[in-house]
Amino acid sequence: MRYLKIKGQLKRLLKHIAKEDLTSHSLDLSHFKNDPQIGKLLDTWLQFDVWHMDQSLDGDYAKATEQFIKRARLLWPEMPNTDIFQALRNVWIMIAIQILAKVPVILTDAMFAYSMLYPLTDNVIDHPDLSEKEKAAFVSQLGLRLHGLMIEPASKHEKDAFDMVALIESTFARTHYPDVYTSILLIHDAQKRSMAQQYTTLDENTLIKLSFEKVAASVVADGYLVLGHLTDDFLEFLTAYGIVLQLADDLQDIETDAINGHKTLFNITETSDRLAEITENLSQLSFEILDGMPTEDVDLKMQMSVLLGKSMQLLICDAIQTHEKRYSKDFYKRVNRSHIMGLKNHERLRELTQSFIKTNFDS
């Protein structure tokens, strides 16, 4: 049974990882890249040979991951692991861009700084104890700094964010890479407008527009901060891929967004049939977008499409299982039958992993 195989491999892998001191600054992930347990797990769960793709990489994504975690913990020792892992997700997207563009896989200052802007800004914008006025003031000051104005930070939050902007400026000169800063300002502008979701009742079309604009701008900025310049094909792909990522996040965070007052396409959906319809549309859209991946390397395109596609389907299935009661029984059964090991078993594996992380990593 596939579930039992994956469960056994996952337990062996987690036991192996637990032997490492992953909470210290001496973190070393390099040997995990060649760990046969990881290879077996990915091969069984995703049915994908990730190590075959690794042979053609120029660089080391495990090392880049290690460097990012160590650097974040050094600068912000009190930052929760959940925030660091949130930023790390963006680093992995940028690494995927490096792989697609066939540039060395390394962690650059710009990648680190832009990824850390996520938790540094979200911690202010989503803070339940800060007023709308305080949040607006922070966003306004950050906007001035992103435009290149050298202003004094008014708080620790502002200083941390401004330091990351300076780190980006040390990598990309504003005069030579204007698109880098235009892309960052676009995500900042979308972020400002998305704050309206916390304080205003918005219709479905407006919510879709805000969600799409925010994350599409974010992933496009990822591309510019990796490459400096983007071709039209790369720009189109990253825009579309960003939209899919945002929708997948919104689907997973239905309950959390509702609690925080964030209205999204998924948590304002009134019927189970409508929720099922847009969930299926998201699944189909993800495959169509990956088919437009901007590379002439057929083998690389196939490998990345399989890896990213199956990873996206796992996210969607995870969300369906988490929000089972929001879907009709018929839709749930249909998805369950198509899953490689069943949605209940998928949830059990997720709980096993979350329990391990809580025990070994929570601050």
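A cavity here is a set of grid points where a 1.4 Å probe fits but cannot get out, and its lining residues are those with an atom within 4 Å of such a point. With that in hand, the predicted model can be looked at from the outside in.

The protein chain turns out to be built with 17 helices and 0 strands. Of its 363 residues, 49% are buried. The chain still shows about 18,000 Å² of exposed area, and 55% of that comes from carbon and sulfur atoms. As for how the chain meets itself, take the contacts between residues at least 6 apart in sequence: 67% of them link residues at least 24 apart.

Inside, the largest nonpolar core takes in 86 residues, and Phe-68, Phe-112, Met-116, Ile-168 and Leu-225 have the most contacts within it. Helix H5, running over residues 81-101, is the top contributor to this core, with 11 residues. Ile-168 gives a feel for the packing: leaving aside residues up to four places away in sequence, its partners are Ala-110, Ala-113, Tyr-114, Leu-117, Val-180, Tyr-181, Ile-184 and Leu-225.

Then there is the empty space. Searching the whole structure turns up 1 cavity of 30 Å³ or more, and the largest cavity holds about 50 Å³. Its lining is made of Ile-93, Ala-96, Ile-97, Leu-100, Phe-237, Leu-238, Tyr-241 and Leu-308. Two or more of these residues come from each of H5 and helix H12 (232-252), with H5 giving the most, 4 residues. In character, the lining counts 8 nonpolar residues, no polar and no charged.

Notes: Residues are numbered from 1 along each chain as its sequence is written. This is a predicted model: local features need pLDDT of at least 70, side-chain atom pairs count only at pLDDT 80 or more; totals for chains, interfaces and linings use all residues. Side-chain values use heavy atoms; hydrogens and water are left out. Buried means under 20% relative accessible area, exposed over 50%, partly exposed in between (1.4 Å probe, protein chains only). Contact means heavy atoms within 4.5 Å. Accessible areas come from the Shrake-Rupley method with a 1.4 Å probe; for residues, only the protein chains shown count as cover. A nonpolar core is a set of buried Ala, Val, Leu, Ile, Met, Phe, Trp, Tyr and Cys residues joined through side-chain atoms within 4.5 Å. On a 1 Å grid over the protein atoms alone, a cavity is a set of points where a 1.4 Å probe fits but cannot get out, and a pocket is an open set with protein on both sides within 12 Å along at least five of seven lines; lining residues have an atom within 4 Å of a point. Grid points are joined across faces, edges and corners, and a volume is the space filled by probe spheres set on the points. Ala, Val, Leu, Ile, Met, Phe, Trp, Tyr, Cys and Pro count as nonpolar, Asp, Glu, Lys and Arg as charged, and the others, Gly among them, as polar.
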